[in-house]
Amino acid sequence: PQLEADLAAVRDLYGHHAVSLREYGAIDDVDIDLHIDVSFLDEEIALAWDVIRSEPVIVRLHCSLTQYLNGPVPTVDVFQTMEYAEQRIPVLNEFCVVCDEPHVFQNGPMLRPTVCERELCVFAFQTLGVMNEAADEIATGAQVVDLLVSMCRSALESPRKVVIFEPYPSVVDPNDSQALAFNPRKKDYDRVMRALDSIASIREMTQAPYLEIKKQMDKHDPLAHPLLQWVISSNRSHIVKLPVTRQLKFMHTPHQFLLLSSPPAKESNFRDAKGLFESTFAFHGSHIENWHSILRNGLVVASNTRLQLHGAIYGSGIYLSPLSSISFGYSGLKTFMSKNLFFDTNSNIHLQFLQSRNLKCIALCEVITSPDLHKHGDIWVVPNTDNVCTRFFFVYEDGQVGDTSINTQDPGIHKEILRVIGNQTATG
């Protein structure tokens, strides 16, 4: 009531249309916008103040009606629509899609916009239907969804799940919109696994009406479909299955993906650094159980943390190698040199979906060749995560093996990588 009275007083002072109120009941937040007409300003003053006379200046108060003690501090923003759009569009990924507050991710922003981890935002995000994208994702990128589910399963099955199954799902109970069925504060890995086991195969979803498949999942486990939606929407990287014509044949697997995880600001800094020092390509090997977290948190320096799985004999940083044989070892993939064991991407048994739960993977990254890149023979260490960007991702199943003889510094290999990328994203 007091808020409404204050608003009425402001409207009497500035005019009825000068003030607008937006309430977000699901998260108990309020935006109060004061629109100030600046058309009366002289052109010289408008230019000096960097304002557009034809657009109002908006003064926005963002506050919580009830969380005065433990909620976010009220904020005041001043902007114009076009200026605001120009400033915010490049950094949309840094803000929650519900409350518009900056993300507090430990390892910084990623590429795709997402909801923050505040419980009220999770409720609003899911109950308002924003997550109803599973059908579209499966229709347009079924192989990617298949991979995301496999990564989630691998992390859950790992003895290290307490460390690497992060983030833990935040899923609203379909039978109680005021409660979380999966809550990061009350982790139940067995229950998540049961729901994951009830998710119908992605292959089946592409062969039958989606709503019918959803009904079957709901009947078997009401948390299966909400968990699938979370697996899709929580992915903060851009992954696309590569067509055969754009695949790297020397990697000998049909499961090849474009993988971009760096936000625009990081990519811009990366390009600037590449202009100064140039760049090259190198492999990064990691067990597939780790990629559930990597796709959502990015490549991080795991050295001397609980995430570290292998030694850090050459110091702290992201470990890369120009040799496939070394990175294959870190991924847990057994490699052989016999050519007749390699998968032929031109064969008639080219498979779209993953057939096995025994998966190994390796990433191909672009790295800045600055003095910060420490080369210890064929093991490279990059202390600065901003100097590494993922580009490709390769998955191997039972019966598939990798070629240990690949060296990204070989001119022929380097040329083929650039051909697949389609433009000169790396030099050197």
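The paragraphs below go through this predicted model, from its overall make-up to a sheet, a strand pair, a helix pair and several single residues.

The protein has 428 residues, and 48% of them count as buried. Its secondary structure consists of 14 helices and 14 strands. If one takes the contacts between residues at least 6 apart in sequence, 69% of them join residues at least 24 apart.

A good place to start is an open sheet of three strands, arranged in the order β10-β13-β12 with antiparallel pairing. Its edge strands are β10 and β12, each of which pairs on one side only. On average, neighbouring strands of this sheet are turned by 25 degrees against each other, direction ignored.

Strand β13 covers residues 379–382, and both of its faces are covered. On one side the buried residues are Ile-379 and Val-381. On the other side they are Trp-380 and Val-382, which are buried as well.

The partners of β13 can be taken one at a time. Strand β10, residues 318–320, pairs with β13 in the antiparallel sense over three bridges. Within this pairing, Ile-318 stands opposite Val-382, and Leu-320 has Trp-380 as its bridge partner. Strand β12, residues 374–376, is also antiparallel to β13 and is joined to it over three bridges. Here Lys-375 has Trp-380 as its bridge partner. Trp-380 is thus named as a partner both of Leu-320 and of Lys-375. The link from β12 to β13 is a hairpin with two residues between the strands. Gly-377, in the turn of this hairpin, has a positive phi of about 65 degrees.

A second strand pairing involves β7 and β8. These two strands run antiparallel and are joined by four bridges. Strand β7 covers residues 238–241, and its side chains alternate between two faces. Ile-239 and Lys-241 point to one face and are buried, whereas His-238 and Val-240 point to the other and are not. This can be set against β13, where the named residues on both sides are buried. Across the pairing, His-238 of β7 stands opposite Leu-260 in β8.

Strand β8 covers residues 255–260 and includes His-255. Is His-255 buried or exposed? Its relative accessibility is 1%, so His-255 counts as buried, the cut-off for that class being under 20%. The side chain of His-255 is joined to that of Glu-397 by a polar contact of 2.9 Å.

Ser-279, in strand β9 (residues 279–285), can be described in a similar way. Because its relative accessibility is 1%, Ser-279 counts as buried. Its side chain makes a polar contact of 2.7 Å with the side chain of Glu-366.

Turning to the helices, α9 (residues 210–220) packs against α10 (residues 224–233). The angle between them is about 120 degrees, and their axes lie 8 Å apart. Because of that angle, α9 is oblique to α10; the range for roughly perpendicular ends at 115 degrees, and roughly antiparallel needs an angle over 145. On the α9 side, the residues that meet the other helix are Tyr-210, Lys-214, Met-217 and Asp-218. On the α10 side they are Ala-224, His-225 and Leu-228. Sorted by class, the contact has four nonpolar, one polar and two charged residues.

Just before α9 comes a loop that leads from α8 (202–205), and Thr-206 has its place there. Thr-206 has a relative accessible area of 40% and is therefore partly exposed. This residue is 64 residues from Ala-142 along the chain, while the C-alpha atoms of the two are separated by 7.4 Å.

Ser-325, in helix α13 (residues 324–331), gives another example of this kind. Its relative accessibility is 29%, so Ser-325 counts as partly exposed. In sequence, Ser-325 and Ile-406 are 81 residues apart; in space, the distance from C-alpha to C-alpha is 7.5 Å.

Definitions and conventions:
Residues are numbered from 1 along each chain as its sequence is written. This is a predicted model: local features need pLDDT of at least 70, side-chain atom pairs count only at pLDDT 80 or more; totals for chains, interfaces and linings use all residues. Side-chain values use heavy atoms; hydrogens and water are left out. Buried means under 20% relative accessible area, exposed over 50%, partly exposed in between (1.4 Å probe, protein chains only). Two strands pair if DSSP finds at least two bridges between them. Axes are lines fitted to C-alpha atoms, for helices over the stretch in contact, and angles run from 0 to 180 degrees between N-to-C directions. A polar contact is a pair of N or O atoms within 3.5 Å; within protein, one must be able to donate a hydrogen and the other to accept it, and residues adjacent in sequence count only if both atoms are side-chain atoms. Angles under 35 degrees count as roughly parallel, over 145 as roughly antiparallel, 65 to 115 as roughly perpendicular and the rest as oblique. Contact means heavy atoms within 4.5 Å. Ala, Val, Leu, Ile, Met, Phe, Trp, Tyr, Cys and Pro count as nonpolar, Asp, Glu, Lys and Arg as charged, and the others, Gly among them, as polar.
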